[in-house]
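Welcome! Take a moment to look over the sequence and turn the structure around before reading on. The report below walks through it one region at a time.

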Amino acid sequence: MSKSVLVYSEKLARFQAYDGYPWYFERSDAALKLMRRQGLIERPGVTVVEPEAASVEALASFHTREYLDLLAVANGGTFEERMFANGLGTAECPVFPGCFDYHRLVAGSVLCGVEALADPDVWAVFVPSAGMHHAGPDFAAGFCYLNDPVLAIQRLLGQGLRVFYLDIDAHHGDRVQAAFYGDDRVLTVSLHESPETLFPFHTGFVHEIGEGAGAGYSVNLPLAAGTGDDVYGWGFRQVVPPLLDAFKPDLIVAEIGADVLAADPQTHLLLTTHGYCDAVQWVRQTGLRVLALGGGGYLLGATVRAWTLAWAILNDVPLTDDAELLFSGVFRGDGLPSLHDRPVYIPEGTQTQAWEACRSAVEYIRAHQFKTLGVRL
Ligand SMILES: [Zn+2]
C-alpha cells in the first residue's frame, strides 16, 4: 500500500519574533488543523511524524561553522551589530529568543522527511514548515536562516539519487540554484515572479543556466507581475514536463510556496488555488516519489487552504463540494467559504505583458536547456 508522511511538530508554533512579523509560526498548526477537518490526516496510509532538531553536524554539510556559531549566540535573543554581516537582525530575519532552535527544528523536519523516504512504500512526504530556499552558507535572507532544501538534496545525492528540484514559490529559489549551479545530478527548475519586481531581485533571470558540468541544469522561468493561472499553466506545461522526461530523476523535491496566490500580500502574481493545484497535480501524476516543502505564504488562511489542497492531491483524495463547505474561513485574513479561491480578474494589458514575458522565457529555455538535456520536441 502506498503511504504518505506529514512531518509536523507542535513546538513550531511556540516561537515569537515581534508583533506583526509576517512569518506565521502557527502556519503548520493551522495547516494540520484544516487537513484534519477535511479528513486528510486520520486515514489509512497517512502518518504524522514528529521531527527532531537538526544537529549542528548535519547543518555543517552546507552552512559554515562560523555562521552556525553566530546563530547559537543569536538564539539567546540579543542582537549584536556583527550579526548584520550575516543577514541577521533585519525585519525579515530578526534575532529573537530561540531563532536558532526554531530553524534547527525546521531543518530537522526536512531531514526527518528524507529518512521517511527510506521506506519504499512512502510515496509522498510533506513538510509544511520547510522550504527555506534563500538561506546561504553563511547568511540568512528572506525569512530563511538555514537552507533545508539544500540539506535534503545533499542527503539524497549521497544516496546516489538524481533530484529534480521544482520551486513554484513566488520567489526565485536562489540559494538552492547556487548550491548546485555546477552539478548535473540536480536539475533545479524555478518558476517565480520576475526579479525585476520581487525579492531576491538580483537573481532568477532566464539566462542563469548553470555552469561547468551543471551548464543547462539550472532553469528559470521568470513571470511578469500580474501573471495568472492561464499564462502560468501554459508556461509550466511548456517547460517542466519535457525537462523532467529528459532528465529522468529518481524523485522530486518540490518547494510549493503558496505566495503565488493573488491574495498574498508580499508578491504580485495573481494565481488562484486552481492554477496552484494544477502544478501540484502534475507533480503527483509523474508517478515519482515527492518530498514537498511548504515554502512561503504570507496570508495564513490562503496558505493553509493551498497546502491542504496540495496534501489532498498528494494523497489522491478528491475533495468534494461537501468537503469544501466544511471550511468556513476561520483563519486570519481569509473569509472564504470554500477551499478554492474565486476567479481573479486580470486587466487585458496586464495579461498581454504576462504572455509576452512568459513566451520569451520559454523560447530561451527551449534554445538552451532543452538542447543541453536533449529534449525532443
Ligand atoms: Zn516566497
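What follows is a tour of one strand and its partners, a metal site, and the spaces inside and on the protein. Please keep in mind that the model is predicted.

**Strand S1 and its neighbours**

Let us begin with strand S1, which spans residues 3-7. Is this strand largely enclosed or not, and why? Four of its five residues are buried, so the rest of the structure largely encloses S1.

S1 pairs with strand S3, made of residues 122-127. The two run parallel, and four bridges hold the pairing. If you want to find a matching pair of residues, look at Val5 in S1: its bridge partner in S3 is Val125.

Strand S2, residues 46-49, is also joined to S1 by four bridges, and these two strands run parallel as well. Here Ser4 stands opposite Val46 of S2. To get from S1 to S2, the chain passes through helix H1, residues 27-37. This β-α-β crossover is right-handed.

A handy thing to remember while viewing strands is that, in a regular one, side chains alternate between the two faces of the sheet.

**The zinc site**

Next, find the zinc ion. Which residues coordinate the zinc ion? They are Asp169 through OD, His171 through ND1 and Asp259 through OD, at 1.9 to 2.1 Å. Along the chain, these donors follow the spacing D-x1-H-x87-D. The two aspartates therefore link distant parts of the chain, being 90 residues apart. Asp169 sits in the loop between strand S4 (163-167) and helix H6 (174-179). Asp259 sits in the loop between strand S7 (251-255) and helix H8 (273-285). Are these two aspartates buried or exposed? Asp169 is buried, and so is Asp259.

**Cavities and pockets**

Now for the empty spaces. A search of the whole structure turns up two cavities of 30 Å³ or more. The table lists these cavities together with two pockets.

| Space | Volume | Lining by class |
|---|---|---|
| Largest cavity | about 50 Å³ | four nonpolar, seven polar, three charged residues |
| Second largest cavity | about 30 Å³ | seven nonpolar, no polar, no charged residues |
| Largest pocket | about 230 Å³ | eight nonpolar, two polar, three charged residues |
| Second largest pocket | about 190 Å³ | eight nonpolar, four polar, one charged residues |

The largest cavity has a volume of about 50 Å³. Its lining has 14 residues, and those closest to its centre are Gly131, His133, Cys144, Gly296 and Tyr298.

The second largest cavity is lined by Ala254, Ile256, Val280, Val283, Val290, Ala292 and Leu314. Helix H8 and strand S8 (289-293) each contribute at least two residues to this lining. You met H8 earlier: the loop holding Asp259 lies between S7 and H8.

The largest pocket offers about 230 Å³ of space. Among its 13 lining residues, Gln16, Tyr18, Gly20, Tyr21 and Phe25 are the closest to its centre.

The second largest pocket also has a lining of 13 residues, with Ser194, Glu196, Pro222, Ala224 and Ala357 lying nearest its centre. Strand S6 (218-223) and helix H11 (348-367) are the elements that give two or more residues to this lining. Which element gives the most to the lining of the second largest pocket? That is H11, with four residues.

Terms used:
Residues are numbered from 1 along each chain as its sequence is written. This is a predicted model: local features need pLDDT of at least 70, side-chain atom pairs count only at pLDDT 80 or more; totals for chains, interfaces and linings use all residues. Side-chain values use heavy atoms; hydrogens and water are left out. Buried means under 20% relative accessible area, exposed over 50%, partly exposed in between (1.4 Å probe, protein chains only). Two strands pair if DSSP finds at least two bridges between them. A crossover is right-handed if, with the strands pointing away from the viewer, the path from the first strand over the helix to the second runs clockwise. Donors are N, O and S atoms within 2.8 Å of the metal (3.2 Å for Na, K and Ca); water is not among the atoms, so sites may look incomplete. On a 1 Å grid over the protein atoms alone, a cavity is a set of points where a 1.4 Å probe fits but cannot get out, and a pocket is an open set with protein on both sides within 12 Å along at least five of seven lines; lining residues have an atom within 4 Å of a point. Grid points are joined across faces, edges and corners, and a volume is the space filled by probe spheres set on the points. Ala, Val, Leu, Ile, Met, Phe, Trp, Tyr, Cys and Pro count as nonpolar, Asp, Glu, Lys and Arg as charged, and the others, Gly among them, as polar.
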